[in-house]
Amino acid sequence: MVTRLNVPGPEAQALLKRDKPLVSPSYPRDYGFVMSHGRNSEVWDVDGNRFVDFAAGIAVTATGHSHPEVVKAIQEQAEKFIHISSDYYHEPFVRICEQLNEIRPMQEELMVFLCNSGTEAVESALKLARYHTGRQYYIGFFGGFHGRTMGAISFTASKVSQRAKFAPYLPGVVHVPFADPYRPLFTFDPARGQDYGDAVVDYIEKVLFKTILPANEVAAVLLEPIQGEGGYVVPAPHFLPRLRKMCDDHGILLIADEVQAGVGRTGKWWSIEHFGVEPDIIASAKGIASGMPFGAMMARKSVMTWKPGAHGNTYGGNPLGCVAASATLRLIKGGFLANAAAQGDYVMQRLAEMQARHPSIGEVRGRGLMIGIEFVADRATREPSATVRDALVHHAFEHGLLLLGCGTSVVRIAPPLSIERKTVDEGLEIFDYCLTLAEQELGMVAVPVLEQVPA
Ligand code: PLP
């Protein structure tokens with residue numbers, strides 16, 4: 001039974017009132033969820049309302065909210081020491097690097113640079129690529145999101161509002177369409193067996209490399225193997241293998257930004273593994289430490305050639321972050337990786353059933369628990385409908401389900417990797433109900449108004 005909540009309630013509203021005059025208005029907040037506490041994939045607000053969490057922060061709390069083993073690891077470490085800078089040594093630092101090396105998606109062993117966020121992991125990767133190759137250009141992709149510091153924002157290309165008024169950006173970044181087969185920018189003919197990934201890489205090789213971009217001056221290609229903020233987009237099958245070959249042909253490094261898609265979210269440790277391709281450098285954060293601010297930049301040993309002093313930080317490898325990350329990787333290996341794959345398959349199947357009933361669902365796509373639902377005004381034209389998406393997200397909040405949008409008209413399903421089947425079912429029931437409400441309001445379906453059950 002889906003229940004309508006009275007949200008935001010009085011306690012939440014009081015907090016929102018205190019927040020407004022003081023907190024930077026740049027945070028993109030869609031609705032007033034004010035958290036009190038959480039357990040696995042359930043969260044409660046300050047008025048005692050319970051929600052199913054299909055967002056996990058922004059695809060962060062991989063092991064669920066406050067997993068007891070993660071909490072215990074942080075508590076025990078906090079009693080010993082909270083900080084010693086990365087100029088010194090400690091065991092949790094080395095341990096997490098060893099664990100990351102064990103799950104690397106490349107044959108060659110890797111080396112690790114620890115930091116505090118996704119954007120820093122990306123910055124580190126960009127700097128290493130220039131340092132190692134001695135080259136200055138990069139290739140990035142439309143729809144990509146890599147963070148908001150000046151280097152990362154120079155690649156980020158998912159919403160113009162994220163870039164407006166911040167130019168000039170890092171010079172030398174050339175953007176190319178991502179191989180999104182649902183919304184291709186180049187022509188290709190799937191009926192004749194053509195793959196959109198080939199069309200995109202052909203454009204780089206046959207147009208860019210022959211006109212404005214000398215291939216032997218390109219340091220790196222930076223991409224999310226499955227795009228996150230840009231709309232949970234799974235690229236065409238040939239895309240990554242062709243990019244890998246292109247990089248090999250020209251001595252270019254391939255950087256996989258796995259900040260959102262990595263650490264088990266897609267049912268494999270790293271999303272690039274779905275495409276049978278090895279990266280040279282990986283940027284990771286978000287799920288890696290279950291919500292502690294933590295990031296890692298990992299590179300093949302033969303690529304991490306910089307010298308002492310070339311790059312560093314104060315907080316990288318923070319002991320609390322290291323032990324949280326160690327516990328997180330242990331838990332993912334111990335079952336949540338398999339759970340993400342299994343629950344993800346189930347959600348995809350349930351959404352395919354819903355697509356048959358809901359005319360606004362244009363496409364359902366994803367891997368593991370990184371699932372995007374693209375909403376359209378008309379399936380034939382694929383005209384995006386942010387209106388349906390936004391209405392769904394708001395109704396979901398009012399009925400006890402946390403959802404986040406991405407792309408132009410996409411909702412992401414990115415719960416903790418530890419989510420249980422009964423919570424998945426509960427969330428999907430609310431999703432289905434709220435989508436019906438949204439479609440009715442917008443005149444897309446002519447069925448009787450659903451019964452509303454007040455809390
Ligand atoms: N890269 C990707 C793929 C992301 O999704 C994000 C954040 O959403 C970032 C980088 C930036 O991470 P952070 O917000 O931790 O700086």
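At which residue does H9 bend, and by about how many degrees? In this predicted model, H9 bends at Lys333, by about 60 degrees. The helix covers residues 319-357. A straight helix of 39 residues would span 57 Å, at 1.5 Å a residue. Between its end C-alpha atoms, however, H9 spans only 50 Å.

The strands come next. Strands of a sheet pair through backbone hydrogen bonds, either parallel or antiparallel. Here, 7 strands form an open sheet with mixed pairing. Their order is S4-S10-S9-S8-S7-S5-S6. Strands S4 (110-115) and S6 are the edges of this sheet, and each pairs on one side only. From one strand to the next, the twist averages 20 degrees.

Within this order, S9 sits beside S10. Strand S9 takes in residues 281-284, and strand S10 takes in residues 295-300. The two run antiparallel and are joined by 4 bridges. One bridge links Ile281 to its partner Ala299 in S10.

A further pair is made by strands S11 and S12. S11 spans residues 361-367, and 6 of its 7 residues are buried, so the strand is described as mostly covered; a residue is buried if 20 or more other C-beta atoms lie within 10 Å of its own. S12 spans residues 370-378 and pairs with S11 in the antiparallel sense over 6 bridges. Gly366 has Ile371 as its bridge partner in S12. Together, S11 and S12 form a hairpin, with 2 residues between them. In the turn, Gly368 has a positive phi of about 55 degrees.

Some backbone angles deserve a separate look. Most residues other than glycine have a negative phi, and most peptide bonds are trans. Ala59 is not a glycine, yet its phi is positive, at about 60 degrees. This residue lies in helix H2, which covers residues 56-59. Is Ala59 buried or exposed? Ala59 has 28 other C-beta atoms within 10 Å, and therefore counts as buried. Ser66 is not a glycine either, and has a positive phi of about 50 degrees. Ser66 is placed in the loop between H2 and helix H3 (68-80). Ser66 counts as partly exposed because it has 15 C-beta neighbours inside 10 Å.

Cis peptide bonds also occur. One joins Val7 and Pro8, with omega about -10 degrees. Pro8 is found in the segment before helix H1 (10-19). Another joins Ala167 and Pro168, with omega about 5 degrees. Pro168 belongs to the loop between helix H6 (150-153) and strand S6 (173-176). S6 is also one of the edge strands of the open sheet.

The last region is the ligand site. Which residues are closest to the ligand? They are Gly118, Thr119, Gly147, Val259 and Gln260, out of 15 residues that surround the ligand. By class, the shell holds 5 nonpolar, 7 polar and 3 charged residues. Helix H5 gives the most to this shell, with 3 residues. H5 covers residues 118-133.

Notes
Residues are numbered from 1 along each chain as its sequence is written. This is a predicted model: local features need pLDDT of at least 70, side-chain atom pairs count only at pLDDT 80 or more; totals for chains, interfaces and linings use all residues. The expected span of a helix is 1.5 Å times one less than its number of residues. The bend at a residue is the angle between axes fitted to the seven residues ending there and the seven starting there. A residue is buried if 20 or more other C-beta atoms lie within 10 Å of its own, exposed if 12 or fewer, and partly exposed in between; C-beta atoms are placed from the backbone. A residue is near a molecule or strand if its C-beta atom, placed from the backbone, lies within 6 Å of it. Ala, Val, Leu, Ile, Met, Phe, Trp, Tyr, Cys and Pro count as nonpolar, Asp, Glu, Lys and Arg as charged, and the others, Gly among them, as polar. Two strands pair if DSSP finds at least two bridges between them. Axes are lines fitted to C-alpha atoms, for helices over the stretch in contact, and angles run from 0 to 180 degrees between N-to-C directions.
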